Amino acid sequence: LTEFFQRTYGPTGAFNAKPFEGSRSWAGARPELRAIAYDSNGVAAHIGLLRRFIKVDATDLLVAELGLYGIRPDLEGLGISHSLRVVLPVLKELGVPFGFGTVRPALHNHVARFGRHGWAIVKSGIRVRSTLPVALLDKPPTRIEDPLVVVLPVGRPISDWPAGTMIDRNGPEL
């Protein structure tokens, strides 16, 4: 998995592949569960999930955070992202009301496809605060970003997702 993440995230910048140096297969919080797709060439795709409480403005909310999402570069554009639907039964089994994830705005076209099929909503204009995965004396303990927020209604309808402009992860990004 470490090599998969280095190859997958490396082309987006050396800094993005750095958390996966050595044998580390996570960048921030460790995933609780992973879905890994293999083919004859090894790891083809990966997504991790972690149940946690986030805060949307003043509302505490249980979610399954989805992260560490990647598709091997030679498979991009082949529709493998639709295989993410395999995690929906797992999310239902875990009893979470929503799946939640963030992606950088450059991936807007990619994640917008999820919304077209009605099984995820993509939101912008929401700031997300995360704890840094490693404490550094010369940096603040948290980081605030403006990513795209992806919400999957699992046990409750999307209308139950709280309105708000700030999400606090209460921990590091997955």
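**Figure 1. The neighbours of Arg169 in the predicted model.** Beyond the residues up to four places away in sequence, Arg169 touches Arg52, Phe53, Ile54, Glu65, Phe100, Thr102, Val128, Arg129 and Ser130. All of this is seen in a predicted model. To find Arg169 along the chain, look in the segment after strand S9, which spans 166–168. One neighbour deserves a second glance: the side chains of Arg169 and Thr102 make a polar contact at 2.8 Å. Is Arg169 buried or exposed? Its relative accessible area is 1%, so Arg169 is buried.

**Figure 2. Two residues with a positive phi, Leu68 and Asn170.** Let us start with Leu68, which is not a glycine and yet has a positive phi of about 55°. Leu68 sits in strand S3, made of residues 59–71. With a relative accessibility of 5%, Leu68 counts as buried. Now turn to Asn170, in the segment after S9. Asn170 is not a glycine either, and its phi is positive at about 60°. Asn170 counts as partly exposed because its relative accessibility is 46%.

**Figure 3. Aromatic pairs, starting with Phe4 and Phe5.** How many aromatic pairs does a search of the whole structure find? The search finds 3. One of them is formed by Phe4 and Phe5, an edge-to-face pair with 5.4 Å from centre to centre and 65° between the planes. Phe4 and Phe5 are both buried.

**Figure 4. Phe100 and Trp161, a stacked pair.** Here the ring centres of Phe100 and Trp161 are 6.4 Å apart, with 20° between the planes, and the pair is stacked. Distant parts of the chain are linked by this pair, as Phe100 and Trp161 are 61 residues apart. Phe100 belongs to strand S4 (residues 98–103), while Trp161 is in the loop between strand S8 (148–153) and S9. Phe100 has a relative accessible area of 0%, so Phe100 is buried. Trp161 counts as buried too, with 8% relative accessibility. Widen the view a little to include Phe98: together, Phe98, Phe100 and Trp161 form one aromatic cluster.

**Figure 5. The largest nonpolar core and another core apart from it.** In soluble globular proteins, nonpolar side chains tend to be buried together. The largest nonpolar core of this model holds 16 residues. Which residues have the most contacts inside it? They are Leu66, Leu91 and Leu152. At least two residues of this core come from each of strand S2 (42–56), S3, helix H3 (87–94) and S8. Take Leu152 as a guide to the surroundings: leaving aside residues up to four places away in sequence, Leu152 touches Leu66, Leu88, Pro97, Phe98, Gly99, Trp119 and Ala120. Another core, of 12 residues, lies apart from the largest one. Among its members are Ile54, Val63, Phe100 and Val151. You have already met two of these, since Ile54 and Phe100 are touched by Arg169.

**Figure 6. Arg85 and Ala120.** Arg85 is part of the loop between S3 and H3. Is Arg85 buried or partly exposed? Its relative accessibility is 40%, so Arg85 counts as partly exposed. The partner in this view is Ala120, one of the residues touched by Leu152. Along the sequence, Arg85 and Ala120 are 35 residues apart, and in space their C-alpha atoms are 9.9 Å apart.

Notes
Residues are numbered from 1 along each chain as its sequence is written. This is a predicted model: local features need pLDDT of at least 70, side-chain atom pairs count only at pLDDT 80 or more; totals for chains, interfaces and linings use all residues. Side-chain values use heavy atoms; hydrogens and water are left out. Helices (H or I, at least four residues) and strands (E, at least two) are DSSP runs, numbered from the N terminus. Buried means under 20% relative accessible area, exposed over 50%, partly exposed in between (1.4 Å probe, protein chains only). A polar contact is a pair of N or O atoms within 3.5 Å; within protein, one must be able to donate a hydrogen and the other to accept it, and residues adjacent in sequence count only if both atoms are side-chain atoms. Contact means heavy atoms within 4.5 Å. Rings of Phe, Tyr and Trp (its six-membered ring) pair if their centres lie within 6.5 Å; planes under 30 degrees apart count as stacked, over 60 as edge-to-face and the rest as tilted. A nonpolar core is a set of buried Ala, Val, Leu, Ile, Met, Phe, Trp, Tyr and Cys residues joined through side-chain atoms within 4.5 Å.
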